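Me: Hi! Could you go through this model with me?
Reply: Happy to, here it comes.

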Amino acid sequence: MADEDNSFGVMHATPIVYCGRCHENFGEVRSNGLLGDFVRCPNQKPDERTHVCRVIKPQSGEFWAISESLIYRYESEFSPMRWSWFGHHFNGRVGTYNTLRTVVILFMAWLANLIYDSSLPAAFLWLPAVGAALVLLDIMVSNTSIVFISRFAASAFRSTFEMIIGYAQFILCFGVFYYCLKDGFSVNLESGTDYSISYLEGVYFSIVSATTLGYGDISPRHNYHWSQVLVMLQLIMSLYYGAIILGGVASWINEPKHLKPYRRMHPVEDILKDP
Ligand SMILES: [Zn+2]
């Protein structure tokens, strides 16, 4: 791969070590891969002794190593997170990036509304639907990498918080999908007449489904296979989300105290004081 000069482009990213002096994560360093192990920093010159480099993500199995390298590849080559904005990467500017992502999702809902109000054919609804799907892909990949790769783990609490934001965005994305199929749902009205859901009702249906609450006041209409397929997809993804949020909370609670200074990127003097 041509992109191996940065620490995110490596193909076999296990184990991950972090050097407190270089303030950098490294993917390919020889070690037994136990959490907290001291390893030799790749940047350390033979006469230097001040690099404090430790394993922050232990070695994982082969299946996960492949998934990890795919995730790295997506994030370093395709995700807008790598784009520059006023001279900065979004990577590491999690708040800005999440705000932007939310704005894009709401823009897609607005776009769908615009298409409904115009005389454009319904096929144009693929535009906001695919837009929201791409944002959803980005959310799922980055939230998966937070839990399983901990590249972002400046603080496990922050990572958990970001996943909760990601879950909210996941709800909003499915709201867009449902809104793009606004006639694909039956709504419990006394008259039983045709009804088209609004974006807000799409989000409402999305959250009621994702939490497995299922009031049943809005439900996929018979013979509308797209709405049925989408609901099935959301339920499975929502179970996965529950698992990764729990994983995030667990790593936040179990975060070894002695690793905190390394993760939070304190200056090297503070790290050297650590026994
Ligand atoms: Zn170093």
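Me: Is Asn 223 buried or exposed, and why?
Reply: Asn 223 counts as exposed because it has 8 C-beta neighbours inside 10 Å. Exposed means that 12 or fewer other C-beta atoms lie within 10 Å of its own, buried means 20 or more, and partly exposed is in between, with C-beta atoms placed from the backbone.

Me: Before we go on, what kind of model is this, and how are residues numbered?
Reply: It is a predicted model, where local features need pLDDT of at least 70, side-chain atom pairs count only at pLDDT 80 or more, and totals for chains, interfaces and linings use all residues. Numbering starts from 1 along each chain as its sequence is written.

Me: Back to Asn 223: where does it lie?
Reply: In the loop between S8 and helix H6 (225–254). Helices (H or I, at least four residues) and strands (E, at least two) are DSSP runs, numbered from the N terminus. Phi of Asn 223 is near 70°, a positive value in a residue other than glycine.

Me: And what about phi of Thr 212?
Reply: Positive, near 55°, and Thr 212 is not a glycine either. Its loop runs between helix H5 (199–210) and strand S8 (218–220). Thr 212 counts as exposed because it has 10 C-beta neighbours inside 10 Å.

Me: Switching to the sheet: what's the strand order?
Reply: S2-S1-S4-S3, an open sheet of four strands with antiparallel pairing. Two strands pair if DSSP finds at least two bridges between them. Strands S2 (24–26) and S3 (38–39) are the edges, each pairing on one side only.

Me: How many bridges join S1 to S4?
Reply: Four, between residues 16–19 and residues 53–57. Cys 19 has Cys 53 in S4 as its bridge partner.
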